[in-house]
Amino acid sequence: MNRKEHNRMMTIRTIEDTFMQLYKKKGLEKITIHELCETAGISRTNLYRYYDDKYQILQTIEDRLLENIEEINKSDYFINQLENDIEKKLPLLYKTVCYIDENRDYFATLLGRNGDPSFVFKWKSCMRKNLESKTAESKVFDYDLDVVVEIMVSSFIGIYTFWLIEKPELSCESITKICGDILYGKIYKI
């Protein structure tokens, strides 16, 4: 990467990081472009070189996060029941949880008190599509597949939100295990 491209990427990162800090504190509607530029230490001209407005900044961040999760989940779906190491037992789920952890500030902000409800809707939609494609051939469920998938998707996002905001000390392995137990029906002992 040449110096010009590096500077461009650093400016974008500064804009997005600053935007998310402000978004976490005050919510989207109270952020002004003036405040964003002043806090980021950049000119309005420089900001407008990359984004039309604060809504496009938010959309860009959300799209990138969801695209990266979708990319992780494009891999072949498999589970190794004989494996004890959660990373090897549930590799796609583990990689997803690790990605969320690596971007925890962004996810926690988007899922938090001042967050974007439409982000949750978009994420659920992506998760639903992914789970449906991986379970479409399965005759495992005795219930309407749409209902089962909705329960699992809502559970995962609820767990991720609780983890990021209320229990950040929990490891990726712990969260993966909980989600895996939900996915494979091991939460309730009958």
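Let's start with one residue, Thr18. Leaving aside neighbours within four places in sequence, Thr18 is in contact with Leu36, Thr39 and Ala40. Thr18 itself lies in helix 1. Buried or exposed, then, is Thr18? Buried, because its relative accessibility is 6%.

Before going on: this is a predicted model. Please keep that in mind throughout.

Now the next residue along, Phe19. Not counting residues up to four places away in sequence, Phe19 touches Leu28, Ile31, Leu36, Lys54, Ile57, Leu58 and Ile61. Leu36 is on this list, and Leu36 is also a contact of Thr18.

Let me step back to the whole chain. The protein has 10 helices and zero strands. Along the sequence the pattern reads α-α-α-α-α-α-α-α-α-α. There are 190 residues, and 41% of them count as buried. The exposed area is about 11600 Å². Carbon and sulfur atoms supply 52% of that area. What about contacts along the chain? Take the contacts with a separation of 6 or more: residues 24 or more positions apart account for 63% of them.

On to the core. How many residues does the largest nonpolar core have? It has 54. Inside this core, the residues with the most contacts are Phe19, Phe107, Trp123 and Tyr160. So Phe19 comes up again here, as one of those four. Which helices supply at least two residues each? Here is the list, in order: helix 1 (3-26), helix 2 (33-40), helix 4 (54-72), helix 6 (91-102), helix 7 (104-111), helix 8 (117-135), helix 9 (145-165) and helix 10 (172-183). Helix 9 gives the most, with 10 residues.

Next, the aromatics. A search of the whole structure finds seven aromatic pairs. I'll show two. The pair of Trp123 and Tyr160 is stacked. The ring centres are 5.5 Å apart, with 15 degrees between the planes. Why does this pair matter for the layout of the chain? Trp123 lies in helix 8 and Tyr160 in helix 9, so the pair ties together parts that are 37 residues apart in sequence. Both Trp123 and Tyr160 are buried. For Tyr160 the relative accessibility is 1%.

The second pair is Phe156 with Tyr160. Stacked or tilted? Tilted, because the planes stand at 35 degrees, with the ring centres 6.4 Å apart. Phe156 and Tyr160 both sit in helix 9. They are four residues apart, about one turn of the helix. Phe156 is buried too, at 4% relative accessible area.

These rings belong to something wider. Tyr99, Phe107, Phe119, Trp123, Phe156 and Tyr160 form one aromatic cluster. Phe107, Trp123 and Tyr160 are in this cluster, and they are also among the residues with the most contacts inside the core.

Tyr99 takes us to helix 6. This helix is mostly covered: nine of its 12 residues are buried. The buried ones are Pro91, Leu92, Leu93, Tyr94, Thr96, Val97, Cys98, Tyr99 and Ile100. Does the length agree with the residue count, and by what reasoning? At 1.5 Å a residue, the 12 residues should span 16 Å, and the end C-alpha atoms are 16 Å apart, so the two agree.Cys98, in that helix 6 list, deserves a closer look. How many disulfides does the rule give? Zero. Why is Cys98 not bonded to Cys172? The two sulfurs are 3.9 Å apart, too far for a bond, because a disulfide needs them within 2.5 Å. For Cys98, Cys172 holds the closest cysteine sulfur. For Cys172, the nearest cysteine sulfur is that of Cys98. Both cysteines are covered. Cys98 counts as buried at 17% relative accessibility. Cys172 counts as buried at 10%.

Last stop, helix 10. Leu183 has its place there. Leu183 counts as buried, at 17% relative accessibility. How far apart are Leu183 and Val149? In sequence, 34 residues; in space, 9.4 Å, C-alpha to C-alpha.

Terms used:
Residues are numbered from 1 along each chain as its sequence is written. This is a predicted model: local features need pLDDT of at least 70, side-chain atom pairs count only at pLDDT 80 or more; totals for chains, interfaces and linings use all residues. Side-chain values use heavy atoms; hydrogens and water are left out. A nonpolar core is a set of buried Ala, Val, Leu, Ile, Met, Phe, Trp, Tyr and Cys residues joined through side-chain atoms within 4.5 Å. Buried means under 20% relative accessible area, exposed over 50%, partly exposed in between (1.4 Å probe, protein chains only). Contact means heavy atoms within 4.5 Å. The expected span of a helix is 1.5 Å times one less than its number of residues. Accessible areas come from the Shrake-Rupley method with a 1.4 Å probe; for residues, only the protein chains shown count as cover. Rings of Phe, Tyr and Trp (its six-membered ring) pair if their centres lie within 6.5 Å; planes under 30 degrees apart count as stacked, over 60 as edge-to-face and the rest as tilted.
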